Amino acid sequence: MSSSIACIYYKDNKLFIAKRQNSGQMGGRWEFPGGKLEEGESFEQAIKREMYEEFKTGVSVIEKITETQFVHNDKKCSLHAFAVEFEHDGIKTPFVLSEHTEYKWVDPSEIKKLNFVDSDLKIYKAVVKYLKGLKKHEKN
């Protein structure tokens, strides 16, 4: 089974998402950025490598949010979502994109209206639940 990671970057009540390049099966669709775990790599190493490759930014891993399994091209896959924080938010200093055509910050409710990749939609409810827990914690 191959393992992938999804990075959930949440700041000022907005989620960071990126739009894939137009090539490939999921081309042109929005996603939580991430990628595949390489052999011998920890989740944290994969997250740091992928975010540097895709956005030329450093990242801190906060905690694991959820995981799910899915089938892609008749192959079992697992997706592990982690809360992360980038070195910066890509607004004042734009990210350098290598795998995406654009990125943006959205209200979590907007994700259901976008052409989002199927595997990320499988973790959407758990991500929203996690974010609600963060908001409750901030109020206390």
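Where is the place of K56? In this predicted model, K56 sits in the loop between α1 (43-55) and β5. Its phi is near 55 degrees, a positive value in a residue other than glycine. K56 counts as partly exposed because its relative accessibility is 41%, which lies between the cut-offs of 20% and 50%.

D12 also has a positive phi, of about 55 degrees, and is not a glycine. This residue is placed in the loop between β1 and β2. Its relative accessibility is 64%, so D12 counts as exposed. The cut-off for that class is over 50%.

The chain as a whole holds three helices and seven strands. Their order along the sequence is β-β-β-β-α-β-β-β-α-α. Four strands thus precede the helix α1 in this pattern, and two helices close it. Contacts reach far along the sequence. Of those between residues at least 6 apart, 67% join residues at least 24 apart.

Overall dimensions were computed next. The C-alpha trace spans about 45 × 35 × 30 Å along its principal axes. The radius of gyration is 14 Å, which agrees with the value near 14 Å for a compact globule of 140 residues. Of these 140 residues, 46% count as buried. The accessible surface comes to about 8200 Å². Carbon and sulfur atoms account for 46% of that surface. The chain carries 23 positive and 22 negative charges. The mean positions of the two sets are 7 Å apart.

The interior was then examined. The largest nonpolar core has 22 residues. Those with the most contacts inside this core are I8, L15, I17, F32, I111 and I123. Strands and a helix both contribute: β1 (2-11), β2 (14-20), β5 (59-72), β6 (75-86) and α3 (124-139) each supply at least two residues. The helix α3 gives the most, with five residues. A second, separate core has 16 residues. C7, I47, M51 and F55 are included in this second core.

I17 illustrates the contacts made by a residue of the largest core. With residues up to four places away in sequence left out, I17 touches W30, E31 and F32. Its further partners are Y103, K104, V106, I111, L114 and F116. Two of these partners, F32 and I111, are themselves listed with the most contacts inside the largest core.

Conventions. Residues are numbered from 1 along each chain as its sequence is written. This is a predicted model: local features need pLDDT of at least 70, side-chain atom pairs count only at pLDDT 80 or more; totals for chains, interfaces and linings use all residues. Side-chain values use heavy atoms; hydrogens and water are left out. The radius of gyration is taken over C-alpha atoms; the globule rule is 2.2 Å times the number of residues to the power 0.38. Buried means under 20% relative accessible area, exposed over 50%, partly exposed in between (1.4 Å probe, protein chains only). Contact means heavy atoms within 4.5 Å. Accessible areas come from the Shrake-Rupley method with a 1.4 Å probe; for residues, only the protein chains shown count as cover. Lys and Arg count as positive and Asp and Glu as negative; His and the chain ends are not counted. The place of a charge is taken as NZ of Lys, CZ of Arg, CG of Asp or CD of Glu. A nonpolar core is a set of buried Ala, Val, Leu, Ile, Met, Phe, Trp, Tyr and Cys residues joined through side-chain atoms within 4.5 Å.
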